[in-house]
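Subject: Handing over a structure

Hi,

I am passing a structure on to you, with some notes on what turned up in it. I hope they help you find your way around.

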Amino acid sequence: MRKIPVYTHPAAGWPALISSTRKLMDYKAFMRGSVSILHSNQPKGGFDCPGCAWPDHKTHKVIDICENGIKVIASETMNQRADAAFFARHSVTELQSWSGYELEHSGRLSEPLYYDAAQDRYIAISWQAAYERIADVLKNLDSPDEALFYTSGRVTNEPAFMFQLFVRCFGTNNLPDCSNMCHEPTSVMLGKQLGVGKATVVLEDFEQAKLIMLFGQNPATNHPRMLEMLAHAHKQGCRIISINPMREQGLSKFRNPQKPTHMAAGQSDEMVDEVIQIQIGGDVALLTGLAKWLVENDKIDSEFISTHTSGFDDLKQWLIAQSWTDIELGSGITQADIINLAKLVADSPATICTWGMGITQHVQGEDNVAMITNLLLLMGMIGIDGAGASPVRGHSNVQGDRTMGIHERPKQSLLDSLERVFQRPMPQEDGLDVIAGAKALMQGKLKAFISMGGNYAVAAPDKSAIQTALTTTQLNVFVATKLNETMLYPGTNNLILPCIGRTERVITAKGEQFATIEDSMCQIVPTQGRLKPISDDLKSEAQIVADMATHVLGSDSSIPWQTMGSDFDIIRNYIARAIDGFENFNERIRESERGFHLYHPARHRVWNTDSGKAQFEVPQYPITYVAAQMAQTSADYHSNDTSDNFKDKNIEKSTEQKVWQLTSVRSHDQFNTMIFGFKDRYRQTNRRDVLFMHPDEIKRLGWQKGDSVMVSRQDSKDERRTLGPLILTEMDIAANAVATYYPECNDLIDLDSHAPDSRTPAYKSVTVVLQRVNEGMLAATA
């Protein structure tokens with residue numbers, strides 16, 4: 001086996017501090033950013049870092065932020081402005097050619113803007129004129145369902161509640177949000193199996209766990225604050241197992257910047273005991289093997305199962321019917337290794353299963369979550385200290401937005417509650433999610449698109465088609481802090497409404513306001529920026545929603561929108577009346593510096609499911625689903641000579657099988673679609689146009705590191721999609737697997753490649769064909 005070049009230093013440590021400082025300088029945000037860092041995640045008057053949804057620990061630190069959070073703060077606190085003067089220098093057509101990195105660094109949006117087609121530029125507009133344009137279009141739609149209202153997980157609870165209320169008062173449930181593209185399988189399956197689609201653990205459970213299993217996540221890059229808890233748990237004797245097609249080097253050791261001895265003496269803490277490199281999409285097969293051995297060897301908690309669960313007999317029969325041959329084929333792991341892991345599970349008195357989007361973003365994402373939950377239920381690991389389900393959300397308040405009612409498929413209880421509190425009817429039909437909304441845009445069924453944050457077209461599959469569709473609307477509105485690609489494909493009316501950021505103060509006629517968020521573990525936390533807004537023309541998101549509602553709904557509305565926009569306590573009073581679990585909201589959020597925990601019934605072994613018990617679920621897809629997809633693609637490749645479809649003599653032809661499972665990854669220098677830079681420290685690359693592959697696989701193909709490769713796939717409509725050329729780069733990744741960066745790979749993924757119920761796109765697992773590009777083509781394009 002060839003030696004794989006790896007990052008040998010611990011995660012965090014001096015490189016993280018140096019990188020963070022450089023990023024503050026890069027954004028010209030050293031002073032504003034440094035002040036904000038001191039107030040990030042602080043209990044008194046601080047703001048909740050928008051960099052991830054990892055919870056705050058009960059202990060207080062003077063500086064409580066990670067490298068990833070500092071980069072997000074640097075982005076928001078930059079002094080440079082993308083104002084009317086900026087757009088006077090750059091046409092929209094020119095900006096369409098800019099990279100995400102260039103747009104991200106263009107500056108803070110600082111005044112309301114509208115697109116002038118004659119000049120091909122954004123120009124300044126008054127707030128009043130902007131609202132009048134919005135009202136004119138929305139009031140004249142044939143149906144409220146001709147508008148789509150998208151929400152990013154950055155939006156805090158108070159404006160999120162107002163936004164969903166405004167949209168429903170307008171008359172539609174077209175309320176997709178970024179959860180549609182990330183943890184929707186978690187929400188769907190945990191809701192179905194446990195009664196609530198959220199984590200059953202609190203942060204202190206990690207201090208008592210004896211076994212932590214990490215599925216499909218890379219904390220060192222995506223939520224580095226988790227590393228401290230993992231290192232602490234490991235030091236307490238907890239076994240930590242990473243189950244991932246990639247051996248992420250940031251999980252090996254952790255040098256804590258909060259510990260002077262670590263930094264001065266070069267010390268570090270161990271974290272992961274073992275990495276189990278399953279095939280991409282092999283999680284269900286591995287979990288099936290674990291559950292099969294535990295059931296057949298009577299290593300399960302029979303008393304918990306009989307008292308608290310339903311559906312065990314069906315799952316047991318299904319498990320017995322699965323063969324070890326198929327389990328090995330589906331997972332890429334030997335029976336012996338699976339049994340060794342099963343014995344660890346059997347011996348653990350307290351097990352936490354934690355996962356990220358490496359579990360959810362698959363066609364079979366719901367099966368992945370179901371089997372993790374099945375494993376926990378088999379062992380009675382729900383409702384005891386040190387154990388439970390711990391999905392880790394990526395965006396700061398994506399979970400809170402859902403709790404506030406941002407959902408295209410709302411529960412009837414929510415609609416009934418809103419009708420009771422606000423004394424007006426709410427729309428009853430389900431709305432459009434991200435996938436259905438994108439299709440409706442492409443089909444010309446939507447006339448208006450309004451976005452509270454986010455980068456919809458780039459975050460979703462089929463980016464180019466969505467961008468084109470946005471040019472056909474009557475109205476596009478973007479409430480945002482930064483410029484992004486989605487804003488550059490204007491319809492008849494295109495408006496940018498700049499809002500106050502998380503790090504900035506919100507001062508109204510009622511005084512200084514604070515908002516709240518909900519973290520990954522159901523903790524409601526106050527957040528209050530401390531900086532003066534970068535421009536006097538900025539408004540809070542709550543005020544922008546209030547203004548839109550006032551102009552669109554007019555005298556027809558008895559809801560005090562303007563009062564809510566200026567006094568967040570009033571919003572919280574309404575939330576307390578309308579949303580379960582928020583009784584006495586204003587009193588409770590002020591009682592504790594760290595907020596309060598929402599009651600989670602399953603944590604107390606109360607099951608709000610259809611059966612009244614925790615529910616075992618049998619997977620919908622065969623455990624060899626991915627292997628079958630690859631075999632079918634390989635057969636098509638050989639029978640149809642796919643290489644001819646490129647119609648380019650410079651594409652290498654070969655009869656050798658080159659069918660792979662591709663997954664998308666985020667670099668260490670990005671947050672969601674925000675590209676901070678090009679350095680992926682743990683993967684040791686300084687560019688984004690790369691294709692990661694194991695060096696042994698490169699050698700098997702007769703290829704070399706640095707080769708240029710085209711990636712292609714047949715989508716759900718049997719149409720060919722291509723990406724590249726990409727530069728072949730070595731990574732410790734499972735056999736038959738390759739990886740490339742999100743969101744650049746999104747045009748490979750079509751809108752019909754998604755999980756069946758949650759409809760989350762399969763960003764983490766699509767079958768592709770690889771073909772090397774000859775030198776002639778590279779010379780021709782140089």
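The largest pocket has a volume of about 1,400 Å³; please keep in mind that this is a predicted model. A total of 38 residues line this pocket, and G191, G195, V196, G197 and K411 are the closest to its centre. Three elements give two or more residues to the lining: α9 (184-194), α20 (398-403) and α21 (412-422). Of these, α9 gives the most, with five residues. If you sort the lining of the largest pocket by class, you get 17 polar, eleven charged and ten nonpolar residues.

Next come the enclosed spaces. How many cavities of 30 Å³ or more does the count give? The count comes to five, and I have looked at two of them for you.

The largest cavity holds about 660 Å³ of space. Its lining is made up of 36 residues, and the closest to the centre are H395, G454, N672, T673 and M674. The elements that contribute two or more residues to this lining are α3 (67-77), α6 (100-104) and β26 (674-675). Which element gives the most to the lining of the largest cavity? That is α3, with three residues. By class, the lining of the largest cavity divides into 17 nonpolar, 13 polar and six charged residues.

The second largest cavity contains about 420 Å³ of space. Here 30 residues form the lining, and those nearest the centre are G216, Q217, N222, G358 and K764. Both α18 (357-360) and β24 (659-665) supply at least two lining residues, and β24 gives the most, with three. The lining of the second largest cavity has 15 polar, nine nonpolar and six charged residues.

Now to a pair of helices that you may like to bring up on screen. Two packed helices are described by the angle between their axes and the distance between the axes. For helix α8 (residues 157-170) and helix α27 (residues 568-578), the axes come within 10 Å and cross at roughly 65 degrees. The crossing of α8 and α27 is left-handed. Which residues of the two helices meet there? From α8 they are N157, E158, F161 and M162, and from α27 they are F568, I571, R572, Y574, I575 and A578. By class, this contact of α8 with α27 has seven nonpolar, two charged and one polar residue.

Another helix to look at is α11, which covers residues 225-235. Its buried residues are R225, M226, L227, M229, L230, A231 and A233, so a charged residue, R225, is listed among them. Just after α11 you will come to G237, which takes a positive phi of about 105 degrees.

That brings me to the backbone. Most residues other than glycine have a negative phi, and most peptide bonds are trans. Here are some places that stand apart from that pattern.

Two residues other than glycine with a positive phi are worth a visit:

- R605 has a phi near 60 degrees. You will find R605 in the loop between β22 (596-597) and β23 (614-615). Is R605 buried or exposed? Its relative accessibility is 26%, so R605 counts as partly exposed.
- N736 has a phi near 65 degrees, and this residue lies in the loop between β29 and β30. N736 counts as partly exposed because its relative accessibility is 27%.

There are cis peptide bonds to see as well:

- G724 and P725 are joined by a cis peptide bond, with omega near 5 degrees. P725 has its place in strand β29 (residues 720-730).
- Y742 and P743 are also joined by a cis peptide bond, with omega about 5 degrees. P743 is in the loop between β30 (737-741) and β31 (766-772).

If you want a route through the model, you could begin at the largest pocket around G191, G195, V196, G197 and K411. From there, go on to the largest cavity around H395, G454, N672, T673 and M674. After that, the crossing of α8 and α27 and the cis bond from G724 to P725 would make good stops.

Enjoy looking around, and write back with anything you would like to go over together.

Best wishes

Definitions and conventions
Residues numbered from 1 in each chain as written. Predicted model: local features only at pLDDT ≥ 70, side-chain atom pairs only at ≥ 80, totals over all residues. Heavy atoms only, no water. Axes fitted to C-alpha atoms, helices over the stretch in contact; angles between N-to-C directions. Helix = DSSP H or I, 4+ residues; strand = E, 2+ residues; numbered from the N terminus. Left-handed = near helix turned anticlockwise from the far one by under 90°. Contact = heavy atoms within 4.5 Å. Buried < 20%, exposed > 50% of the residue type's maximum accessible area, 1.4 Å probe, protein only. 1 Å grid on protein atoms, 1.4 Å probe; cavity = no way out; pocket = protein on both sides within 12 Å on 5 of 7 lines; lining within 4 Å. Points joined across faces, edges and corners; volume = space filled by probe spheres on them.
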